[in-house]
Amino acid sequence: MSSESGSVLVRSPKTHVVLLPSAGMGHLTPFLRLAALLAQNHHCQLTLITTHPTVSLAESSLISRFLSAFPQVTQIDFHLLPLDPTTVNSNDPFWLRFEAIRRSAHLLSPLLSSLSPPPSALVYDVSLISPVLTAIEALGFRLPAYIFFTSSARMLALFAYYHVVATTTALQFVDDVLEIPRINPAIPISSIPPLLLIPNSLFANIFIEDGPKLPHFNGVLINSFQGIETEAVEGKVVGALPPLFAVGPLVPCEFEKIDDQGEQLLKWLDDQAQGSVVYVSFGSRTALSRDQITEVGDGLVKCGFRFLWVVKEKLVDREEQEGSLEIMEKTKGKGLVVKHWVDQGEILSHKAVGGFLSHCGWNSVVEAAWHGVRILAWPQHGDQKINAEVVERSGLGIWAKTWAWTGDDPAVVVNGEEIAAKIKELMQSEMLRVKAMKIGQEAKRVASVGGCREKILKGLVQEWSKNR
Ligand code: UDP
Ligand code: UDP
């Protein structure tokens, strides 16, 4: 906001928001989409705290593109304490990074104190709740703090409630479901992230430590919207929660576009009939075993539809080896198989793409909803079965429930015949096509100028501006 007085331009100070994402594209991407909205549409001054080097190349490339598009954003490197693998019972590099950030969180106090002008609000990642809260409490000033929950509202309900039912030895279930007040239907035990069923796993301990802290926050932001999850919008997610702000759908932005998508890929899509292609991707950090890759290839060839498949053999992109896979030869002429990062937003928006075989990482679900593309859910880890429940209940897609969590056990393999049959079911369903399209229209309405998302963000920024 500015006003002219004579020839002097008087500018009121902007609302200064600090953003602290966590490791992995599934966490970074929605943060940067939120940041883009805050900078562009709501004129906030932003500070982005990042750790260096990032776990994956995709993250560092996205941060660079974001900062080039928004040179007015201040970036601060958060220097972490050295990794201590003995403190984490996991070999997942993203989890090791969460833990390193948590262990280094006290170093944030001097960093936050040195910011000028003093920040009006801090929005930080759900994986960092307790340690960063301690760092905020050590500041010599009041800093309103908000959690950004990067998964579904249904998963938030589980996160907020887990500590109530978890004891140090077991989880208390009745009839193999977890009843959470106001959450319907109850969550079946088979959908709970496996690590939450293991007492004392890092994941379970974080839920037990962090869940009860939620009421300490000024609010929880969530990338969800009416049309896919009513809970998110009605704030129907268990009691004792601070206000819930449904800031979704957070969808692909201009700064995310990559120049080297490969003309070949887009040209290939251009040559396919409308809605005829199934897009297959398990996100940024899920590798399939060799055997499972063979079966997926077999299923795709047998399903009778054209496909675009992004295949991954390693959790972290830096470790992925160049070169083609045998499966690429076998599937030639039937579809396109690539082994590199793609611009998923661009693919889902292409008219040729009619269905999405997805692991149901929450960002992929929201992106599919945005483009009105129906999903065949094949969850692999963590929160993904809970997200698959949302996909199924909203009508955005179907879920092959009997397929196991192959991501956690390379010995479990779903065979090609089954995969082919489910893809056919997805692609041939007119009902699903129409329902997904309607969800896409609803998403557009929510995100339009003057729509719900804008109103919610406007309210938040107004609240923050009181603290300038
Ligand atoms: N993504 C992409 N290209 C790829 C793989 C992933 O653009 O080749 C994006 C995808 O669009 C989404 C994010 O990376 O925004 C992955 O987040 P999600 O929550 O879907 O799953 P995760 O990778 O965290 O398991
Ligand atoms: N996980 C994994 N690989 C993945 C995604 C998750 O091993 O691609 C594991 C992760 O190590 C964690 C659990 O699944 O132990 C739950 O992960 P969640 O999906 O909740 O984590 P997020 O994707 O939100 O970081």
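Analyst: Helices (H or I, at least four residues) and strands (E, at least two) are DSSP runs, numbered from the N terminus. Ile-180 sits in one such run, strand E8, residues 177–180. The model is predicted, so local features need pLDDT of at least 70 and side-chain atom pairs 80 or more, while totals for chains, interfaces and linings use all residues. Residues are numbered from 1 along each chain as its sequence is written, chains are lettered from A and ligands numbered from 1 in written order, and side-chain values use heavy atoms, without hydrogens or water.

User: What makes Ile-180 count as buried or exposed?

Analyst: Its relative accessible area is 3%. Buried means under 20%, exposed over 50%, and partly exposed in between (1.4 Å probe, protein chains only). Ile-180 is therefore buried. Leu-107 is 73 residues from Ile-180 in sequence, and their C-alpha atoms are 36 Å apart.

User: Why is Arg-154 called buried?

Analyst: Arg-154 has 1% relative accessibility, so this residue counts as buried. Arg-154 belongs to helix H6, residues 153–165.

User: What does the side chain of Arg-154 reach?

Analyst: The backbone oxygen of Ala-186, at 3.4 Å. A polar contact is a pair of N or O atoms within 3.5 Å; within protein, one must be able to donate a hydrogen and the other to accept it, and residues adjacent in sequence count only if both atoms are side-chain atoms. The Arg-154 pair, at 3.4 Å, therefore counts.

User: Which residues come nearest to ligand 1?

Analyst: Ser-284, Val-342, Asn-363, Ser-364 and Glu-367, out of 15 around the ligand. A residue is near if one of its heavy atoms lies within 4 Å. Helix H13 (362–371) gives four residues, the largest share. Helix H1 (25–40) also supplies at least two.

User: How do you know that an oxygen atom of ligand 1 has a polar side-chain atom of Ser-284 as a partner?

Analyst: The two atoms lie 2.5 Å apart. That is within the limit for a polar contact. A side-chain N or O atom of Asn-363 is 2.8 Å from a ligand 1 oxygen. A backbone N or O atom of Val-342 is 2.6 Å from a ligand 1 nitrogen. The protein buries 92% of the 530 Å² that ligand 1 exposes alone (Shrake-Rupley method, 1.4 Å probe; for residues, only the protein chains shown count as cover).

User: Which side chain has a polar atom 3.3 Å from a nitrogen atom of ligand 2?

Analyst: That of His-381. His-27 has a side-chain N or O atom 2.9 Å from a ligand 2 oxygen. Trp-95 likewise places one 2.9 Å from an oxygen of ligand 2. Of the 500 Å² that ligand 2 has on its own, the protein covers 85%. The residues around ligand 2 also include Asp-92, Phe-203 and Arg-285.

User: How many cavities of 30 Å³ or more does a search of the whole structure find?

Analyst: One. Its space is about 120 Å³.

User: What makes a set of points a cavity?

Analyst: On a 1 Å grid over the protein atoms alone, a 1.4 Å probe fits there but cannot get out; lining residues have an atom within 4 Å of a point. Points join across faces, edges and corners, and volume is the space filled by probe spheres set on them. Here 13 residues line the cavity, with Pro-21, Ser-22, Thr-50, Thr-51 and Glu-59 closest to its centre. Strand E4 gives three lining residues, the largest share. Helices H2 (57–69) and H3 (93–104) each give two or more.

Notes. 1 Å grid on protein atoms, 1.4 Å probe; cavity = no way out; pocket = protein on both sides within 12 Å on 5 of 7 lines; lining within 4 Å.
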